[in-house]
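Trainee: Could you take me through one part of this model in detail, namely a pair of packed helices, and then place that part within its chain and beside the other chain?

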Amino acid sequence: MAVTVRIPTQLRNLAGGAAEVSLDGSTVGEVLGALDGAHPGFGERLYDDGGKLRRFVNVFLDDEDIRFLDGLDTKVADGAVVSIVPAVAGG
Amino acid sequence: MATGTALRCRECGREYPVAPIYTCEWCFGPLEATYDYDAIASTITRESIAAGPASIWRYGPLLPVEAPAGGALAAGWTPLIRAERLAAELGLGELWLKDDTRNPTNSFKDRVVAVALGKALEFGFKTAACASTGNLANAVAAAAARTGLASFVFVPSDLEAGKILTTSVYGGNVVAIDGNYDDVNRLCAELAAEYPWAFVNVNVRPFYAEGSKTLAYETAEQLDWQVPDHVVVPIASGSLLTKIHKGFDELHKVGLLADPPDVRVSGAQATGCSPVATAFTAGVDDVHPVRPDTIAKSLAIGNPADGYYALDVIRKSGGACGAVTDAEIVDGIRLLARTEGIFGETAAGVTIATLAKLAADGVVRRDERVVAYITGHGLKTLDAIEPHVRVTTTIPPSLDAFRAAFPALTEEA
């Protein structure tokens with residue numbers, strides 16, 4: 001499955017400045033794993049020491065927060081867009 | 001003498017120089033203003049505060065910005081009212097209400113906006129902006145007008161008509177978004193990266209949020225420099241609750257309170273948007289986002305930025321987090337009005353109804369000195385109360401008609 005991953009400004013230096021990269025994977029977790037494989041360094045920025053997504057890192061599949069879906073186990077379709085988004089502020 | 005010295009990530013502790021930034025570049029955690037408390041302690045006294053202005057700026061050294069010149073952003077120093085009738089009704093002892101409806105635009109948001117726009121002016125911004133559930137929209141539009149800034153206010157399009165009107169009147173840009181607050185918020189995070197604006201609750205949020213500490217400072221000062229045993233605070237993003245807790249602690253750090261404060265902090269949410277209360281009740285650390293569905297629109301944040309921290313404060317302080325239904329919210333508004341003559345908005349209804357529930361459950365106790373925070377005025381949310389209140393009767397202008405309508409009343413002989 002070819003999936004587009006959108007990278008926030010803060011992390012683009014890890015991907016040579018790219019705002020988007022194309023990767024393979026059948027779940028959101030696999031895609032993010034492929035991201036770290038292709039561009040080492042993403043893993044420690046996205047996951048805490050316990051291997052959980054950092055709590056101020058949000059991941060969207062197309063326009064839906066994966067916490068409303070199946071989290072990292074959410075299946076991704078060919079052509080989907082996974083966005084890494086710093087947690088919102090607000091309130 | 002403002003002493004906000006740096007910004008520090010609440011998650012990983014990395015430090016950044018003071019700037020309009022809000023997330024840690026390493027772990028995306030929220031940044032928070034830091035202070036040199038020893039330096040503040042060496043100058044601040046109860047007397048120096050008492051000699052200051054009747055506004056949040058009396059606590060200037062504990063805020064991350066200098067007071068703007070000319071008293072342009074005055075907010076706060078609202079009454080702390082002893083609520084004996086409400087206490088009796090709820091079976092409580094010493095109950096106080098912090099009446100923050102008495103701010104320039106009738107909600108506590110004037111406090112945070114005063115600090116945010118003070119900082120925005122210091123940074124040289126020309127435009128103030130925000131994502132809002134209504135109260136913040138009012139406060140930003142008004143304070144921008146007052147300080148000569150342009151403004152862009154973003155709100156969910158289903159907001160109460162009153163809150164749209166009381167924002168638009170100030171002449172700035174009011175942009176209604178087809179979506180809920182969390183959608184508005186996400187858009188504003190994107191806009192903040194593209195436009196050179198001071199988004200008070202995005203890129204200026206580390207400073208903005210500090211304004212809420214003044215609710216704790218005032219509470220302690222108004223209690224003759226004592227702290228309550230228990231406070232009840234409404235939760236939207238969770239920032240207000242965490243900053244009230246921080247404010248009490250800081251008073252001890254700078255020597256204004258002799259002993260470390262031991263204040264139980266309890267939170268109040270609407271069941272239609274209760275991510276923090278749900279996590280509290282379930283005993284878990286994960287604050288799972290929800291899609292809000294409640295009349296308490298000012299609290300309708302399904303993905304609360306400070307939810308984790310609010311939950312942590314509640315648990316560590318020995319408080320609780322309750323949630324109440326829309327019907328209970330309306331009852332809460334009416335109970336507050338009927339017993340204390342204070343007309344609060346839906347968030348106040350949430351707070352009072354939750355206080356009632358926690359009192360009934362024995363969580364808020366009769367032997368405690370309790371403070372409940374009334375954060376916004378009822379005139380802002382007339383839609384919520386309109387179906388539930390009406391005139392007692394309508395009669396022709398005659399004595400006979402009045403007597404017929406109230407036959408049981410005793411007349412003078």
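Mentor: In this predicted model, helix 13 (residues 326–340) of chain B packs against helix 14 (residues 346–360) of chain B at an angle of about 90°, and their axes lie 7 Å apart. Because angles of 65 to 115 degrees count as roughly perpendicular, that angle makes helix 13 of chain B roughly perpendicular to helix 14 of chain B. On the side of helix 13 of chain B, the residues that take part are E328(B), I329(B), V330(B), D331(B), G332(B), I333(B), L335(B) and L336(B), and in helix 14 of chain B they meet T346(B), A348(B), G349(B), V350(B), I352(B), A353(B) and A356(B). Sorted by class, this contact between helix 13 and helix 14 of chain B holds 10 nonpolar, 3 polar and 2 charged residues.

A second helix pair in chain B can be set beside that one. The axes of helix 5 (residues 135–147) of chain B and helix 6 (residues 161–168) of chain B come within 8 Å and cross at roughly 10°, and helix 5 of chain B and helix 6 of chain B are therefore roughly parallel to each other. Here A137(B), N138(B) and A141(B) in helix 5 of chain B meet K163(B), T166(B) and T167(B) in helix 6 of chain B, and the residues of this contact divide into 2 nonpolar, 3 polar and 1 charged.

Helix 6 of chain B also leads to the strands, since it belongs, with strand 7 of chain B and strand 8 of chain B, to a right-handed β-α-β unit. In this unit, strand 7 (residues 150–156) of chain B and strand 8 (residues 173–177) of chain B run parallel and are joined by 5 bridges, and one of the bridge partnerships sets P156(B) against I177(B) in strand 8 of chain B.

Turning to the sheets, chain B has an open sheet of 6 strands in the order 4-5-13-10-11-12, with mixed pairing. Strand 4 (80–82) and strand 12 (321–324) of chain B stand at its edges, each with a single partner strand, so one side of each is left without a neighbour in the sheet. On average, and with direction ignored, neighbouring strands of this sheet are turned by 25° against each other. At one of these edges, strand 4 of chain B pairs with strand 5 (residues 94–99) of chain B in the antiparallel sense over 3 bridges, and L80(B) has K98(B) in strand 5 of chain B as its bridge partner.

Another open sheet of chain B is formed by 3 strands in the order 2-1-3, with antiparallel pairing. Its edge strands are strand 2 (15–16) and strand 3 (31–35) of chain B, each of which pairs on one side only. Strand 1 (residues 4–9) of chain B runs antiparallel to strand 2 of chain B and is joined to it by 2 bridges, with R8(B) standing opposite E15(B) in strand 2 of chain B.

Taken as a whole, chain B contains 16 helices and 13 strands. Its radius of gyration is 21 Å, close to the 22 Å that the globule rule gives for 413 residues, so chain B is as compact as a globular protein of that length. Along the principal axes, the C-alpha atoms of chain B fill a box of roughly 75 × 45 × 45 Å.

Chain A, for its part, has 2 helices and 5 strands, which follow the pattern β-β-α-α-β-β-β when read along the sequence. The radius of gyration of chain A, with 91 residues, is 12 Å, which agrees with the value near 12 Å that a compact globule would have, and along its principal axes the C-alpha trace of chain A spans about 35 × 30 × 25 Å.

Where the two chains touch, 28 residues of chain B are in contact with 15 residues of chain A. The largest share of the side of chain B that touches chain A, 4 residues, comes from helix 7 (residues 181–194) of chain B, and the residues on that side of chain B divide into 15 nonpolar, 8 polar and 5 charged.

Key. Residues numbered from 1 in each chain as written. Chains lettered and ligands numbered in written order. Predicted model: local features only at pLDDT ≥ 70, side-chain atom pairs only at ≥ 80, totals over all residues. Contact = placed C-beta atoms within 7 Å. Nonpolar A, V, L, I, M, F, W, Y, C, P; charged D, E, K, R; others polar. Axes fitted to C-alpha atoms, helices over the stretch in contact; angles between N-to-C directions. Parallel < 35°, antiparallel > 145°, perpendicular 65-115°, else oblique. Pairing = 2+ DSSP bridges. Rg over C-alpha atoms; globule rule 2.2 N^0.38 Å.
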